[in-house]
Amino acid sequence: MNSIGHFYGDDLLLENGGLSVVSGSEEVRQRILRRLLTNSGDYIWQLDYGVGLQGMIGDVVVPSAMQAAIRTQVQKDTGVDPYSPVEVDVSSDPNGVCQCKISYVDADTGQPQTLDFSS
């Protein structure tokens, strides 16, 4: 199944005279990012959806709390294999840059996937 391609915070993209679409592993990746960046409680049809990572910028990094919140939300995505562990590594450097690496298995392909980002 295809979905409209959209990276959180960016504009919608046009492709071949219509909206850009994504499917497969890229669709799962975009859904996970949207879930992690959406504030918990902001999605009125599913109040426990989201982590609100962007709201944590400037806060003291508590890796164990962030890892637990991220892991819980990633496991809820239908594109993530529910029988494989989700690994989350959160760290910060002396300059205050927080880095996050998420490893999961794609439910459709069975292939390991990695999602890295920093703020």
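Which residue in β7 stands opposite Gln 99? In this predicted model, that residue is Ser 118. Gln 99 turns up on the other side of the sheet story too, as the bridge partner of Ser 91 in β6. Let's build the picture out from there.

**The sheet**

Three strands make up an open sheet, lined up in the order β5-β6-β7 with antiparallel pairing. The edges are β5 (87-92) and β7 (112-118), each of which pairs on one side only. On average, neighbouring strands here are turned by 10° against each other, ignoring direction.

Here is how some residues line up across the strands:

| Residue | Stands opposite or bridges to | Strand of the second residue |
|---|---|---|
| Asp 89 | Lys 101 | β6 |
| Ser 91 | Gln 99 | β6 |
| Gln 99 | Ser 118 | β7 |
| Ser 103 | Thr 114 | β7 |

As for how many bridges hold the pairs, β5 and β6 pair over 6 bridges in the antiparallel sense, while β6 (residues 98-105) and β7 do so over 7 bridges. The hairpin of β5 and β6 has 5 residues between the strands, and Gly 96 there takes a positive phi near 90°. The hairpin of β6 and β7 has 6 residues between its strands, with Gly 110 at a positive phi near 75°.

**The helices on the sheet**

Now for what sits on the sheet. Helix α1 (residues 24-37) lies across β6 and β7, and it runs at about 40° to β7. Helix α2 (residues 63-76) packs on the sheet as well, touching β5 and β6, with a direction that makes about 145° with that of β5.

For a look at α1 from the inside, pick Arg 29, which has its place in that helix. Leaving aside neighbours within four places in sequence, Arg 29 is in contact with Tyr 104, Gln 113, Thr 114 and Leu 115. One of those, Thr 114, is the β7 residue that Ser 103 stands opposite. Arg 29 also has its C-alpha atom 8.8 Å from that of Gly 79, though the two are 50 residues apart along the chain.

What about α2: which of its residues are buried? They are Met 66, Gln 67, Ile 70, Gln 73 and Val 74. These cover an arc of only 140° around the axis, so they sit on the same side of α2. Helix geometry helps here: an α-helix has 3.6 residues a turn, so residues three or four places apart point the same way. The buried residues of α2 pack against α1, β5 and β6.

The length of α2 checks out too. At 1.5 Å a residue, its 14 residues should span 20 Å, and the end C-alpha atoms are indeed 20 Å apart, so the two agree.

**The whole chain**

Stepping back, the protein chain has 2 helices and 7 strands, and along the sequence they follow the pattern β-β-β-β-α-α-β-β-β. Its radius of gyration is 15 Å, close to the 14 Å that the globule rule gives for 119 residues, so the chain is as compact as a globular protein of that length. Taken along the principal axes, the C-alpha atoms fill a box of roughly 45 × 30 × 30 Å.

Of the 119 residues, 33% count as buried. Among contacts with a separation of 6 or more, 35% come from residues 24 or more positions apart.

Methods. Residues numbered from 1 in each chain as written. Predicted model: local features only at pLDDT ≥ 70, side-chain atom pairs only at ≥ 80, totals over all residues. Heavy atoms only, no water. Pairing = 2+ DSSP bridges. Helix = DSSP H or I, 4+ residues; strand = E, 2+ residues; numbered from the N terminus. Axes fitted to C-alpha atoms, helices over the stretch in contact; angles between N-to-C directions. Contact = heavy atoms within 4.5 Å. Expected span 1.5 Å × (residues − 1). Buried < 20%, exposed > 50% of the residue type's maximum accessible area, 1.4 Å probe, protein only. Arc of directions from axis to C-beta. Rg over C-alpha atoms; globule rule 2.2 N^0.38 Å.
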